[in-house]
Amino acid sequence: MKNHRTGPFLIILISFFTILISSCDKDEAAPVLETGTLTDIDGNVYKTVKIGTKWWMAENLKVKKYSNGDSIRYVPKNAPDSVWSAMSTGAYCYFNEEYGFLYNYHTISDLRDIAPEGWHIPDDDEWKEIEIFSGMSSDEVEKTNWRGTDQGDKLKIVGGDTRYWAESSDEYRIFGTNEIGFTALGGACRIFNGQWGDITHTGFWWTSSLNENEVWYRSLDYNKSNIFRYFGSKNYGFSVRCVKD
């Protein structure tokens with residue numbers, strides 16, 4: 001009789017510990033992201049997410065007008081590269097609208113403003129805040145070129161869909177985790193001479209901060225886990241995210 005009673009007791013005991021462990025796992029899970037929406041002057045609705053103490057767009061901007069209603073110059077993707085490189089005023093282009101638009105810096109700096117009302121283009125320091133929130137050290141965040149460890153992966157949309165990021169090499173096997181909800185896509189860029197970068201291989205985002213006559217920006221790569229910080233020509237075409245005032 002004693003042996004017959006031991007079996008059910010052990011089953012109950014094991015079940016208790018299973019529930020306890022499961023409960024602990026849930027307690028240690030990542031916190032639920034605080035999200036919302038934002039509408040621009042064209043009626044586009046964007047997902048937003050609170051990262052640290054600030055609200056960020058969780059999608060790339062694709063507005064066609066300044067905040068006063070004036071149109072931004074559109075340069076079609078099949079136009080000669082020289083048309084883009086010669087622009088000295090605001091302009092946008094896009095390879096695929098799903099990735100958002102690429103804007104030159106002349107659009108960013110235009111006083112008519114492309115950010116939705118109550119929002120602005122993040123400066124270099126606000127990008128540093130995201131990087132530190134993602135785990136980059138305060139020393140590393142001040143450097144240029146590739147910095148940090150896995151902070152870039154925490155910004156990228158969850159990996160596995162090659163429409164948004166190319167598959168990384170067998171050596172690295174890098175996948176986005178999107179832990180902070182930024183949902184970065186590999187929307188590429190246009191460089192100073194108008195040539196296009198490779199869609200799904202890279203993503204570039206403007207800051208509003210100047211470094212003499214050039215502009216600070218950020219970049220992510222399909223084959224790297226960290227974040228690139230440098231400055232470049234105002235004639236580059238980069239993606240834009242906005243931050244709430």
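The legends below describe close-up views of a predicted model, taking in its largest pocket, one of its sheets and two buried residues.

**View 1. The largest pocket and its lining.** The largest pocket of this predicted model has a volume of about 310 Å³, and 19 residues line it, among which Lys47, Ala58, Glu59, Thr183 and Leu185 lie nearest its centre. Strand S1, covering residues 35–39, and strand S2, covering residues 45–51, each contribute at least two residues to this lining, and S2 gives the most, with three residues. Sorted by class, the lining holds six nonpolar, seven polar and six charged residues. In general, empty space of this kind is revealed by rolling a probe the size of a water molecule over the atoms.

**View 2. An open sheet of four strands.** The strands of this open sheet follow the order S8-S11-S10-S9, and their pairing is antiparallel. Strand S8 (145–147) and S9 stand at the edges with a single partner strand each, so that one side of each has no neighbour in the sheet. On average, neighbouring strands of the sheet are turned by 25° against each other when direction is ignored. As a general point, the strands of a sheet pair through backbone hydrogen bonds, and this pairing may be parallel or antiparallel.

**View 3. The edge strand S8 beside strand S11.** S8 and strand S11, the latter formed by residues 227–232, run antiparallel and are joined by three bridges. Across this pairing, tryptophan 146 stands opposite phenylalanine 228 of S11.

**View 4. Strand S10 and the partners on its two sides.** Strand S10, made of residues 214–221, is mostly covered, since seven of its eight residues are buried. Seven bridges link S10 to S9, whereas five bridges link S10 to S11, and in both pairings the strands run antiparallel. Tryptophan 206 has tyrosine 217 in S10 as its bridge partner, while arginine 218 is paired in the same manner with arginine 229 in S11. The hairpin of S9 and S10 has two residues between the strands, and glutamate 212 in this turn has a positive phi of about 60°. The hairpin that joins S10 to S11, in turn, passes through five residues.

**View 5. Isoleucine 180 and the residues in contact with it.** Isoleucine 180 is found in the loop between helix H5 (151–155) and strand S9 (202–211), and because its relative accessibility is 6%, under the 20% limit, isoleucine 180 counts as buried. When neighbours within four places in sequence are left aside, isoleucine 180 is in contact with Leu33, Val49, Ile51, Ile130, Phe133, Ser134, Lys154 and Leu155. Aspartate 153 and isoleucine 180 are 27 residues apart along the chain, and their C-alpha atoms are separated by 9.9 Å.

**View 6. Serine 134, one of the residues that isoleucine 180 contacts.** Serine 134 lies in the loop between helix H4, which covers 124–133, and S8. With a relative accessible area of 2%, serine 134 is buried. Not counting residues up to four places away in sequence, serine 134 touches Gln151, Lys154, Leu155 and Ile180. Lys154 and Leu155 are also listed among the contacts of isoleucine 180, so that Views 5 and 6 may be read together.

Note on methods. Residues are numbered from 1 along each chain as its sequence is written. This is a predicted model: local features need pLDDT of at least 70, side-chain atom pairs count only at pLDDT 80 or more; totals for chains, interfaces and linings use all residues. Side-chain values use heavy atoms; hydrogens and water are left out. On a 1 Å grid over the protein atoms alone, a cavity is a set of points where a 1.4 Å probe fits but cannot get out, and a pocket is an open set with protein on both sides within 12 Å along at least five of seven lines; lining residues have an atom within 4 Å of a point. Grid points are joined across faces, edges and corners, and a volume is the space filled by probe spheres set on the points. Ala, Val, Leu, Ile, Met, Phe, Trp, Tyr, Cys and Pro count as nonpolar, Asp, Glu, Lys and Arg as charged, and the others, Gly among them, as polar. Buried means under 20% relative accessible area, exposed over 50%, partly exposed in between (1.4 Å probe, protein chains only). Contact means heavy atoms within 4.5 Å. Two strands pair if DSSP finds at least two bridges between them. Axes are lines fitted to C-alpha atoms, for helices over the stretch in contact, and angles run from 0 to 180 degrees between N-to-C directions.
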